[in-house]
Amino acid sequence: MKETNTFITPTLETERLKLEPISIKFCSNKYVNWLNDPEIYQYLDNGGNYTYNSLFDYLSKYTEDPVFFWAIIIKKGNKHIGNIKVDPINKKNQSGEYGILMGDKNSWGQGYAKEATKAVIDYCFKVLELRKITLGVIKDNIAAVKLYQKLGFETEGTYKMHGIYNGKFCDALRMAKFNLEDPRVNNYFHQN
Ligand SMILES: CC(C)(COP(=O)(O)OP(=O)(O)OC[C@H]1O[C@@H](n2cnc3c(N)ncnc32)[C@H](O)[C@@H]1OP(=O)(O)O)[C@@H](O)C(=O)NCCC(=O)NCCS
């Protein structure tokens, strides 16, 4: 894998979206409200107790020490609708852990998460030369599971009774997508 610390997190563009490196520039009451909205954080491990100041502190960390973490912005109207990241990246194993949060509920179901994720996967495989992107999702989070399946992520395992979400025990899935254009990945799958 290429040395990630030689990269500056770039701005990525798709047809409708711009993905800009996250920073304190994106701190807003709107973003705080996303993180305190039970419908948004119901399947996440954080949320419900954010303030403008705690979000500012969280974003300051990434402003000083950037990782592959982007704000998702609709180009038309320059509207911040969510965030996406691949962090941490494991350089030795050439893999990265993906996560997404679309905070603007009016933007759900319009293909924005899919469009942003495709651009990030493309960047991770073609530029960073990762061979595998991993993620964790609560099985009951149908919208997220469907999104990942449509993007070609496959379930690698299930953590039974992983945690309590919406007041009940839920399983968590570990999912992954491989860089099938990488000859090492192809060789591995041919030999195993
Ligand atoms: C999950 C989430 C990222 C989906 O974002 P989105 O922008 O609405 O998703 P998209 O519109 O890009 O949908 C992509 C695909 O997933 C499917 N999908 C999305 N929402 C769905 C739903 N509620 N039910 C069934 N399928 C759904 C769509 O069919 C779509 O496929 P298609 O384009 O081929 O039809 C968003 O709801 C979210 O951020 N939720 C809160 C935070 C969260 O749970 N994050 C994930 C943590 S693991």
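This note covers the sheet, one helix that lies across it, and the ligand shell in a predicted model.

1. Sheet layout. Eight strands form an open sheet with mixed pairing, in the order β1-β2-β3-β4-β5-β6-β8-β7. Its edges are β1 (12-13) and β7 (154-165), each of which pairs on one side only.

2. β6 with β8. Strand β6 (residues 132-138) and strand β8 (residues 168-178) run antiparallel and are joined by seven bridges. For register, T134 is opposite A176 in β8.

3. β7 with β8. The edge strand β7 pairs with β8 over eight bridges, also in the antiparallel sense. Here G157 stands opposite R174 in β8. The two strands make a hairpin with two residues between them, and N166 has a positive phi near 50 degrees. That residue should be kept in mind when backbone torsions are read.

4. Helix on the sheet. α5 lies across β6 and β8, and its direction is at about 160 degrees to that of β6.

5. Ligand shell. The ligand is surrounded by 20 residues, of which M102, W108, A113, A143 and K146 are the closest. Two or more shell residues come from each of β5 (95-102), α4 (112-126) and α5 (142-150). Which element gives the largest share? It is α5, with six residues; the helix that lies across β6 and β8 is thus also part of the ligand surroundings.

6. Shell composition. Sorted by class, the residues around the ligand are 13 nonpolar, four polar and three charged.

Definitions and conventions
Residues numbered from 1 in each chain as written. Predicted model: local features only at pLDDT ≥ 70, side-chain atom pairs only at ≥ 80, totals over all residues. Near = placed C-beta within 6 Å. Helix = DSSP H or I, 4+ residues; strand = E, 2+ residues; numbered from the N terminus. Nonpolar A, V, L, I, M, F, W, Y, C, P; charged D, E, K, R; others polar. Pairing = 2+ DSSP bridges. Contact = placed C-beta atoms within 7 Å. Axes fitted to C-alpha atoms, helices over the stretch in contact; angles between N-to-C directions.
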